[in-house]
Amino acid sequence: MDVDNSDNTTGVGSSLDIEQSLLHQFSCMGTTDKDELIKQLQKLLGSPSPLNYSTAEFFLDMNNWNLQAAICSYLDIDAPNVLPSMALVSDPDASETENVEPNTQFRKSWHISNSGTESWPVGCYAQCADGDCFGGQRVHLPALQPGQGAYVVVEMTSPPVPGIYQSKWRACSPSGSYFGDPMWAILTVVEQGTIELTEQLSHFNELGAIPPLMPQVPNPFVPHTFHRDNKQDSAPPDEMC
């Protein structure tokens with residue numbers, strides 16, 4: 001007995017056409033503006049960890065700015081991998097870089113550790129994620145073992161205009177995904193000569209301070225009875241009745 005499958009074939013063909021049409025619309029998203037495509041990719045892949053601008057731009061450029069293809073490429077590379085764990089142990093330079101003068105070079109460091117149970121992959125790095133970068137460049141991170149720590153050191157330069165500035169730095173996986181605790185650099189830029197004047201005033205205050213009283217030490221070459229007699233003589237006489 002012959003079976004007519006013409007209707008089913010037509011239905012499958014139309015379904016495939018609709019799917020291809022949807023994929024095409026999804027890949028275009030109604031815009032060819034590169035900045036807008038980057039924002040859309042960041043929004044679509046922003047959970048559970050945010051996708052930074054440079055990584056989104058890289059995947060879009062690799063796929064000729066096709067949004068759907070960029071998403072597939074990112075998921076193929078990054079989805080199977082679990083992001084590393086990182087904890088900020090301390091900020092040893094917090095007080096040293098609190099006040100600086102304009103255009104001053106300084107070094108900022110953070111003490112971090114691998115707080116997870118897996119070793120970090122080779123190729124992790126730290127970069128400025130938000131705020132003023134102070135001229136700091138990307139720093140490569142070692143492949144830390146669980147519980148192992150390291151220092152992130154960045155060479156920076158203070159802004160030319162006095163004010164309060166902040167810089168947010170994040171650790172990144174080799175594919176560019178942020179992980180771990182944020183690292184902050186908060187800087188107060190003061191007028192030229194302010195720090196030197198403050199140090200001079202502090203030095204003057206120390207010079208004008210009353211020196212502490214020194215304890216009286218008996219002269220070892222004078223007999224002890226002489227000291228005792230002097231103490232008796234120096235005492236006020238008893239009042240006459």
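Helices (H or I, at least four residues) and strands (E, at least two) are DSSP runs, numbered from the N terminus. With that in hand, let's work through some exercises.

This is a predicted model, where local features need pLDDT of at least 70, side-chain atom pairs count only at pLDDT 80 or more, and totals for chains, interfaces and linings use all residues. Residues are numbered from 1 along each chain as its sequence is written, and side-chain values use heavy atoms, with hydrogens and water left out.

**Exercise 1.** Classify the ring pair of Phe-59 and Tyr-74, and place both residues in their helices.

*Solution.*
- Start with the rule: rings of Phe, Tyr and Trp (its six-membered ring) pair if their centres lie within 6.5 Å; planes under 30 degrees apart count as stacked, over 60 as edge-to-face and the rest as tilted.
- The structure holds five aromatic pairs. In the one formed by Phe-59 and Tyr-74, the centres are 5.3 Å apart and the planes stand at 85°, so this pair is edge-to-face.
- Phe-59 belongs to helix α3 (residues 53–62) and Tyr-74 to helix α4 (residues 67–78), so the pair ties together parts that are 15 residues apart in sequence.
- Both Phe-59 and Tyr-74 are buried (under 20% relative accessible area; exposed is over 50%, partly exposed in between, with a 1.4 Å probe and protein chains only).
- Ring pairs also link Phe-58, Phe-59 and Tyr-74 into a cluster.

**Exercise 2.** Do the same for Trp-110 and Trp-169.

*Solution.*
- The geometry is 6.1 Å centre to centre with 40° between the planes, a tilted pair.
- Trp-110 sits in strand β3 (residues 105–114) and Trp-169 in strand β7 (residues 163–172), so distant parts of the chain, 59 residues apart, are linked.
- Trp-110 has a relative accessible area of 0% and is therefore buried; Trp-169, at 0% relative accessibility, counts as buried too.

**Exercise 3.** Describe the surroundings of Ser-167 in strand β7.

*Solution.*
- Ser-167 has a relative accessible area of 0%, so the residue is buried.
- Look next for polar contacts (a pair of N or O atoms within 3.5 Å; within protein, one must be able to donate a hydrogen and the other to accept it, and residues adjacent in sequence count only if both atoms are side-chain atoms).
- One such contact, of 2.7 Å, joins the side chains of Ser-167 and Trp-169.
- A polar side-chain atom of Ser-167 also lies 2.7 Å from the backbone oxygen of Asp-132.
- Leaving aside neighbours within four places in sequence, the residues in contact with Ser-167 include Cys-128, Phe-134 and Trp-184 (contact means heavy atoms within 4.5 Å).
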